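This report goes through a protein model in four parts: charged pairs, a metal site, nonpolar cores and a small sheet. Have the sequence and the structure at hand while reading.

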Amino acid sequence: MDTLFLERMLLLLSQGSFTTTYKYALLLALIDLNVEGAGRGGPVSSVTTRQLAERVIVLYWPHTRPYARRRAALRRLMASRPLTPHLRRAGRPKALQDAGRALLQSTTSHKRGRSQAEIVSKIADLRAAVRRIDPRADRRPHLAQRADPKGFERLVREVEWVLAEKPIPRLQVVGRLHEPFLYRLDWTIEQSKGRLIEPGLPKLTERALRDGSLSNALTLLPGVHERLVSLSAVLRPLIHRHWSDMVARLNALPERHLESFLFGASRASLAPVREPLWSLQGGRCFYCARRVALSDAEVDHVLPWSRLAEDGLENLVVACADCNSAKSDLLPGREAVLPWLGRPAAGLTRTSEATGWPLARDRVRSTCAVVYRQLSPGVPVWRGGGDVGRLTEDEQREILTALGRLED
Ligand SMILES: [Zn+2]
């Protein structure tokens, strides 16, 4: 049962479908509340949207400062001549002003450029307002609360609503599959027009949340409190890493390049095998079998890179952009695994000999066996297109049998 919990947590962290950093804040807030609750004695069985909002404000508070290193780097750049095209376009004052703002934590953009995550803007606004009352009071949330109790209360309520409307009901959705592994709610929201995330539950409205006609409690599932407390030391740095990585990516900061330089799979480096694999697959996407132009074909790691840092040909296929992005970091289900394991060896071996690219057949297959053997049934797997399902016991057996047959 604990592997299922960890699998879900890792999947949640690596999922790319979030447009803001809210999920990281929400997870850390949940962990904090559980760890603190444990300290006050007694296990925590539920937390409220308000408690989460208060914690989330504490977490984002320091993020609303300007990022000093970016500012310094920009000053150096601007002192240099000639100006970079970006700075020339942006104009010096504008660029410096941007560098003085908080780092972006949202991928959404509007006509005038990229927009900031709502929660970050709201905190930054309150900090600015509080500074006008007392220049030192914006340093910490509790000082700001003392300086401007009404403004602070408004902030808590606004952040609470953003959390209730956005990350809280969406956190446990993978693809289109909603599978709670942390908490249950008494209400739901629309995932898309007319389609509730949890059909049968009342739809959340701000009024219902405020007047208490819908519960503001997240009921933790059995065992979740114990797991969050015992795993907090492992989860916290992991969440910090993912969060920083997303912010680095959103703000085009060099930290991201450093990490991908040290540990990442570079897409460019897979270029030499793209064409041979594409030819082997007859110019079709491995997963959906649609024709794909060589220029649109993407090399995909069948066992995701996050799980097995293996570039050997055995772990690579060519896929269309749709399949590649839908599959993302998900493990493939039987629909993709069985054809993949059944791929004729001769073509791959030939390609490996012709290009000098390693095949890594044994390593990939033995890892595959280890991974699928230790998965708990119920773990989300990719079934093709936007379809995400749960791994069944039969399916697991079928995959392991196929692997066993190949070993003989
Ligand atoms: Zn495809």
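A helix here is a DSSP run of at least four residues, and helices are numbered from the N terminus. The model is predicted.

**Salt bridges**

Side chains of opposite charge can pair when their charged atoms come close. The structure holds 25 salt bridges. Three of them are listed below.

| Pair | N to O distance |
|---|---|
| Glu54 and Arg50 | 3.3 Å |
| Lys166 and Glu118 | 3.5 Å |
| Glu179 and Arg390 | 2.4 Å |

Glu54 and Arg50 share one helix, α3, which covers residues 49-60. They are four residues apart, or about one turn of the helix. Glu54 has a relative accessibility of 36% and is partly exposed. Arg50 is also partly exposed, at 27%.

Which parts of the chain does the salt bridge between Lys166 and Glu118 tie together? Lys166 lies in the loop between α9 (149-165) and α10 (167-170), while Glu118 belongs to helix α7 (residues 118-133), so the pair ties together parts that are 48 residues apart in sequence. Relative accessibility is 32% for Lys166, which counts as partly exposed. Glu118, at 33%, counts as partly exposed too.

The salt bridge between Glu179 and Arg390 links distant parts of the chain, with the two positions 211 residues apart in numbering. Glu179 sits in the loop between β5 (177-178) and β6 (183-184), and Arg390 in strand β13 (residues 388-390). Arg390 has a relative accessible area of 38%, so this residue is partly exposed.

Salt bridges can also share partners: Asp32, Glu36, Arg55 and Arg236 are joined in this way into one network.

**The zinc site**

Which residues coordinate the zinc ion? The donors are the SG atoms of Cys285, Cys288, Cys320 and Cys323, at 2.3 Å. The angles among the four donor atoms run from 104 to 116°, and the site is tetrahedral. Along the chain, the donors follow the spacing C-x2-C-x31-C-x2-C.

Cys285 and Cys320 come from distant parts of the chain, 35 residues apart. Cys285 is in the loop between α14 (271-280) and β10 (298-301), and Cys320 is in the loop between β11 (316-319) and α15 (321-327). Are these two residues buried or exposed? Both Cys285 and Cys320 are buried.

**Nonpolar cores**

In soluble globular proteins, nonpolar side chains tend to be buried together. The largest nonpolar core in this model has 70 residues. Those that touch the most other members are Met9, Leu52, Tyr60, Ile119, Ile168, Leu182 and Tyr183. Elements that each supply at least two residues of this core include α1 (2-14), α2 (22-39), α3, α7 and β9 (217-220).

Ile168 gives a closer view of the packing. Neighbours within four places in sequence aside, Ile168 is in contact with Leu26, Thr49, Leu52, Leu163, Tyr183, Leu185, Trp187 and Leu218.

A second core, separate from the largest one, has 45 residues, among them Leu303, Tyr372, Val381 and Ile399.

**A three-stranded sheet**

Strands of a sheet pair through backbone hydrogen bonds, either parallel or antiparallel. Here three strands form an open sheet with antiparallel pairing, in the order β1-β9-β6. The edge strands, β1 (46-48) and β6, each pair on one side only. Two bridges hold the antiparallel pairing of β6 with β9. Tyr183 has Leu220, in β9, as its bridge partner. Tyr183 is also one of the core residues named above.

Notes:
Residues are numbered from 1 along each chain as its sequence is written. This is a predicted model: local features need pLDDT of at least 70, side-chain atom pairs count only at pLDDT 80 or more; totals for chains, interfaces and linings use all residues. Side-chain values use heavy atoms; hydrogens and water are left out. A salt bridge is a side-chain nitrogen of Lys or Arg within 4 Å of a carboxyl oxygen of Asp or Glu. Buried means under 20% relative accessible area, exposed over 50%, partly exposed in between (1.4 Å probe, protein chains only). Donors are N, O and S atoms within 2.8 Å of the metal (3.2 Å for Na, K and Ca); water is not among the atoms, so sites may look incomplete. Four donors count as tetrahedral if all angles lie between 85 and 135 degrees; four count as square planar and six as octahedral if opposite donors are over 155 degrees apart and all others between 65 and 115; anything else is irregular. A nonpolar core is a set of buried Ala, Val, Leu, Ile, Met, Phe, Trp, Tyr and Cys residues joined through side-chain atoms within 4.5 Å. Contact means heavy atoms within 4.5 Å. Two strands pair if DSSP finds at least two bridges between them.
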